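Biologist: I am new to this structure and should be grateful for a close look at a single part. Please describe the sheet and what lies across it.

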Amino acid sequence: MSSEWNSSVSRTNWEVNREVVLQDEGTVLLNNGKAIHEGDNNDEEDNADLFSFDYDEEVVISIDLSAGKFGCSILDYHTKSLRVLNKDYVVNKSTITSHDLIDEVDPSANDISMLTGLLIMEVNPTVCLVPVRLEDWIFEYIKTKCNEIHCRLELLPINCFKKWSPLQSLQLKGHDNLIILNDLLSNSRFTTTVTLGTVACILVNHEQHAQLDEGNDSTVSNNIIRGRQTKSLYEDVIHNIGYIDIKDRMVLDENAMSALNIFPTAHKLGHDKMMKNGFLSIFELFNQVSSDYAKRMLKSWLFNPLTNREQIEKRYSIIRTLLDRQNAIIFNDLTQSIKRCPDAFGFINQLRSGKSTLRTWSKVAGFLEKGIAIFKLVSSLKLSSDEGNILHDIKNKVDLSALKECLRKVETVIDFDTSKDTKTLTINTGVDKRLDECRNIYNHLEKILLEVARETQGFLLNVLHQTNRRITKNLEKLVNAIYIPQLGYLVTVSTLLEPFLVNTPDLEWEEIFRSSDNIYFKNEKVLELDETYGDIYGAISDYEIEVLFSLQEQILRMKNQLTAYNILLSELEILVSFAQVSAERNYVEPQLVENDCILDIVNGRHALYETFLSNYIPNSTIIDGGLFSELSWRKHNKERIIIVTGANSSGKSVYLTQNGLIVYLAQIGCFVPAERAKIGIVDKILTRIRTQETLYKTQSSFLLDSQQMAKSLSLATERSLILVDEYGKGTDILDGPSLFGSIMVNMAMSERCPRIIACTHFHELFNENVITEHIQGIKHYCTDILISQNYNHIDPVQNKEDHESEGITFLFKIKKGISKQSFGIYCAKVCGLNKSIVRRAEELSNLINRGDDVVQHCGKLTEKEMQEFQKNQEIVKKFLSWDLDLETSTTSENLRLKLKNLLR
Ligand SMILES: Nc1ncnc2c1ncn2[C@@H]1O[C@H](COP(=O)(O)OP(=O)(O)OP(=O)(O)O)[C@@H](O)[C@H]1O
């Protein structure tokens with residue numbers, strides 16, 4: 001698959017091709033700028049490459065946006081599952097854009113693009129299908145996202161989104177599957193129109209690939225699809241249907257994902273995964289899961305924090321059970337047993353495609369063994385409640401005897417010990433009588449062949465008794481009998497004997513082939529062997545295949561149970577990892593509330609910083625903003641906004657992200673690093689924080705800041721959490737604080753104000769014109785610092801050397817109040833900036849703080865400078881009044897002397 005396409009498609013190219021499709025509905029597929037027309041057979045090789053498709057690994061997402069409705073479906077060829085939206089998503093109008101804070105927002109900064117971006121990031125598709133008529137802004141957005149993950153973007157004509165018939169004929173088993181399918185079809189005219197179109201498009205795309213592969217053997221070998229009826233095509237790739245759940249998920253914009261360090265940054269993936277003693281991302285923190293499928297699931301969980309309290313609390317209840325002291329020993333065993341559980345989807349795909357190897361069967365056995373062991377451990381856990389969670393599901397729904405029976409069959413059939421030694425799949429004796437007999441013959445073949453060789457030698461000895469004695473003496477070495485699979489049994493005679501054989505009458509041997517040393521014959525004796533034993537090796541292989549096939553069928557009959565258990569085990573593996581981290585790092589179970597705009601965290605810690613800072617200082621946060629539904633929340637002395645001020649490097653950003661992470665962790669269903677936490681469930685975490693990614697962007701930093709800020713404000717609801725770090729830093733000293741201040745004041749006036757934590761080191765913010773200390777709805781925190789007694793700001797007038805022993809200690813403690821100094825200069829000094837520069841900066845800073853005119857100050861001369869100035873003025877005057885015309889006869893030596901005196 002060519003991943004470079006996307007990046008190489010030029011806008012002009014695309015536009016041209018997009019037009020082609022728009023004009024020509026007969027175009028089948030336009031793939032990143034390349035239009036493929038029905039009947040085209042040029043560039044077959046190119047097309048083969050273009051369409052190369054892995055039926056076991058591809059993840060296809062189809063997206064459409066029509067008449068303000070968003071539809072999406074995803075087909076994962078690995079798990080053979082189709083996920084669809086339960087209804088088309090309609091743009092959310094309940095955001096706070098209603099108050100006139102934002103006039104014009106970037107068109108892509110809306111719920112749809114945010115959702116699209118998140119889905120693409122979460123699903124990590126290999127192919128993305130969109131209709132050609134997609135509006136430019138969303139198309140460009142999808143294209144950018146696809147480029148980022150090297151996903152192939154394919155444009156399809158609109159009629160591909162209208163072919164629903166394959167879906168109608170889809171024969172799926174399973175209650176849930178049927179309900180979803182029926183819902184999808186019966187609501188096709190109302191709530192699922194766009195989504196259904198995306199499913200249709202996925203099926204059309206699949207059909208096109210399958211047809212192309214049928215006609216192109218070299219493209220996909222062992223293609224399971226090939227040769228099957230079109231009707232059954234879809235049943236081969238879709239085993240179950242589920243919903244894409246966007247209703248109960250918390251939304252994080254990309255900036256938030258990156259600012260909170262949810263995943264390792266791209267350039268670090270695979271390397272430097274861990275700092276020496278700490279973790280750089282939440283994914284790494286929890287990635288104690290080692291099973292492939294569990295890793296995929298963890299990623300999906302991290303992309304999808306939940307908003308449904310019941311669902312979240314189910315996860316808490318499992319962690320609670322696992323960490324219950326009474327379960328300590330079992331929990332410890334579970335952490336060991338659950339690791340490296342093979343992926344059932346993977347081995348089932350291999351079994352289905354007939355590509356099973358020793359490795360595949362080892363995985364089957366491994367999965368069953370682990371499955372049984374974990375079942376036993378889970379069954380002996382002391383459960384804290386009767387409500388259903390995955391522990392109950394494992395205990396009550398998994399059929400242990402079926403697993404045991406499966407494992408028994410696998411172990412009865414496959415001789416893993418011998419297989420490991422010989423590195424070939426070996427079937428146990430006693431499984432199949434015919435196989436055993438054949439093997440028995442095969443094992444005795446050497447003896448049988450030796451017999452035939454001897455008889456042939458005897459025969460030749462009689463025939464050749466007249467010939468050379470030396471030859472007859474060595475007949476044992478010159479004549480032999482062998483078995484070659486497929487050719488059967490043969491007599492081999494050295495070519496040295498050929499001249500004698502030629503003259504032998506009545507030798508009715510048939511020559512089969514010859515090599516440089518030997519001639520291979522079929523004689524009466526070996527023909528008898530052919531008759532009696534047949535192609536023994538072939539027979540063994542056939543019986544082995546038969547035995548394995550039967551075993552394979554038995555396992556595949558269990559495929560739904562096995563994959564369902566695989567999903568449960570993966571969930572459990574993640575929760576075991578959550579529990580492990582919670583126990584090791586002393587996390588607590590948070591309290592979630594649904595109706596209160598609250599964030600009450602006692603002694604919270606930063607989940608990542610605390611892993612590599614030995615003396616991390618915990619901090620508390622209290623936002624009590626009344627009920628979400630309370631529009632006049634401010635009147636009740638409630639506060640929804642915290643502004644944190646403080647010196648540079650005093651811990652503001654860490655505090656900000658610490659709070660974001662605590663909310664995030666709570667909503668992915670994990671305990672949180674705090675002494676206590678009460679959280680009103682958050683629907684979106686939006687951030688305006690400078691991140692590594694934003695540093696790569698080429699726009700001006702203030703422009704980026706403003707875009708992010710506008711986006712956050714436009715998407716937020718009263719249930720959201722906005723984190724703002726140093727907004728306005730990129731513009732001048734007046735505009736920055738003014739903008740920051742007016743945004744905060746405006747938000748505080750909003751009836752549907754979200755929870756906001758904003759930090760700044762703009763002490764200029766606090767003046768009558770921008771923001772005062774007492775604005776309803778806003779509370780102030782600052783970072784605490786310890787200033788040593790010797791610390792003394794340099795006064796420009798009494799400037800002396802007494803600041804040498806100055807010192808500030810950052811306590812990293814957040815307290816109520818406002819900090820009106822940034823200590824940026826101190827920070828620069830600590831960082832080793834030249835002393836004279838620091839001193840000058842400090843002078844100017846003090847002037848600004850006192851409100852003095854810097855320009856006027858810089859224009860003033862000191863007394864010493866004034867004396868110098870007057871002296872120089874005298875010299876200039878003397879020089880100008882010096883009449884050089886009178887000096888024409890003066891020697892150059894004297895002239896130099898006179899000038900010297902003049903300038904003195
Ligand atoms: N709670 C804490 N406990 C211990 N160390 C901390 C804590 N918070 C921050 N630090 C340390 O202080 C450093 C600076 O913190 P942070 O980046 O949050 O400062 P800041 O006030 O946002 O600075 P700036 O205004 O320059 O962006 C961190 O890298 C960390 O090493």
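**The four-stranded sheet**

Modeller: Strand E16 (residues 596-604) and strand E19 (residues 676-680) pair in the antiparallel sense over four bridges; strands (E, at least two residues) and helices (H or I, at least four) are DSSP runs, numbered from the N terminus, and two strands pair if DSSP finds at least two bridges between them. This is a predicted model, in which local features need pLDDT of at least 70, side-chain atom pairs count only at pLDDT 80 or more, and totals for chains, interfaces and linings use all residues. Residues are numbered from 1 along each chain as its sequence is written.

Between E16 and E19, Val602 has Arg676 of E19 as its bridge partner, and Asp600 stands opposite Lys678 in E19. E16 also pairs with strand E17 (residues 619-627), again in the antiparallel sense, over six bridges. There, Thr621 in E17 is the bridge partner of Ile601.

These strands belong to an open sheet of four, in the order E15-E19-E16-E17, with mixed pairing. Its edge strands are E15 (591-593) and E17, each of which pairs on one side only. From one strand to the next, the twist averages 15 degrees; axes are lines fitted to C-alpha atoms, for helices over the stretch in contact, and angles run from 0 to 180 degrees between N-to-C directions.

Helix H28 (residues 652-668) lies across E15, E16, E17 and E19 and runs at about 115 degrees to E16. Contact here is defined by C-beta atoms, placed from the backbone, that lie within 7 Å of each other.

Notes:
Two residues are in contact if their C-beta atoms, placed from the backbone, lie within 7 Å.
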